Amino acid sequence: MTVPTSTDLQRYLDIATEAALAGGAMLQRYWGKLESIVEKGRPGDLVTEADKASEAAVLAVIRRHLPDQAVLAEESGQVIAQGETDSLLWAIDPLDGTTNYAHQYPFSAVSVGLLADGEPVVGVVYDAIHNDLFRAAKGLGATHNRQPMQVSQTARLADSLLVTGFAYDRRETPDNNYAEFCHLTHLTQGVRRGGSASMDLAYVACGRLDGYWERGLSPWDLAAGVVLVTEAGGQVTAYDQGPFDIFSGRILATNGVIHATLSHVLQQIKPFRDFEAIALTEATTP
Ligand code: IPD
Ligand code: CA
Ligand code: CA
């Protein structure tokens, strides 16, 4: 087991920042200029040359500083294999919010996180379009554009602005989060669908949003953002307030104050099932 010291964590945070900024430079370069947008699996799951260029830039920085550390990156998979005794794993999403980015909807980020024995301990989320930088490391605090950041103090779910998302398997499973979205829209000031899990978490961390839940996520979506929220004073757990497991794909992250109430509501919601009633018929151009 490897327990990084605070000196290690500061160094990893600096490397993660350099990597996220390098990836972000690629997202700035390709913004509005994409030539290749392809579906890589399920409908709507896109990959572009910006995802690939950003990932190459992020990996180059990590390899240069830490050639032996294990890396899991969305577009390449396990690029540097994890050794038997190595408990550190970098989890990288080079463009979190590809659908937004491809439509030039400016809500996306490079997400660079580090796990120690599965626990997120370093996180950098960089919104390259707005040059908005969110950073945190375990025990070292959290910053937004290098200034300390904190979660909101909203105390009631009824006064909260939440965010969630819908995984690419949403048409294949009744556990698709549609019912949760409707119920919580009814009970709060609103529920946004950000389209970038790492940015959703960064916005909870800096207090623009009060809470976030989602299912069907991957470690690279969550690793960095989880550190931002916990270091900014928020709470991250499973839906039922049990321990957060990054490999479960499921997360409940809030300012801490509304956590128990939101968890309680989420556990009562039953999935909607009837989505076959309206068939999609696309209009044909005359
Ligand atoms: C997606 C975004 C989105 C979430 C999806 C993710 P991608 O990541 O984070 O908010 O709802 O589940 O897959 O594909 O844009 O990297
Ligand atoms: Ca993602
Ligand atoms: Ca991605």
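Good morning. I shall begin with the surroundings of ligand 1: there are 17 residues around it, and among these Asp96, Gly97, Tyr168, Ala197 and Glu214 come nearest. Please bear in mind that the model before you is a predicted one.

What is the make-up of this shell by class? Around ligand 1 there are 6 nonpolar, 5 polar and 6 charged residues. The element that gives the most to the shell is strand S5, residues 88-96, which supplies 3 residues.

I turn now to individual contacts with oxygen atoms of the ligand. From Asp93, a polar side-chain atom lies 3.2 Å from an oxygen atom of ligand 1. Leu95 takes part through its backbone, with an N or O atom 3.2 Å from a ligand oxygen. Ala197 likewise has a backbone N or O atom at 2.9 Å from an oxygen atom of ligand 1. On its own, ligand 1 has 380 Å² of accessible area, and the protein covers 95% of it.

Finally, where does ligand 1 sit? Its place is the largest pocket. Domain 1 (6-148) and domain 2 (157-268) both contribute residues to the shell, and therefore ligand 1 lies between the two domains. Thank you for your attention.

Terms used
Residues numbered from 1 in each chain as written. Chains lettered and ligands numbered in written order. Predicted model: local features only at pLDDT ≥ 70, side-chain atom pairs only at ≥ 80, totals over all residues. Heavy atoms only, no water. Near = heavy atom within 4 Å. Polar contact = N/O pair within 3.5 Å; in protein donor to acceptor, adjacent residues only side chain to side chain. Areas by Shrake-Rupley, 256 points an atom, 1.4 Å probe, with all protein chains shown as cover. 1 Å grid on protein atoms, 1.4 Å probe; cavity = no way out; pocket = protein on both sides within 12 Å on 5 of 7 lines; lining within 4 Å. Sits in = over half its atoms within 2 Å of the grid points. Helix = DSSP H or I, 4+ residues; strand = E, 2+ residues; numbered from the N terminus. Nonpolar A, V, L, I, M, F, W, Y, C, P; charged D, E, K, R; others polar. Domains from an automatic or database assignment.
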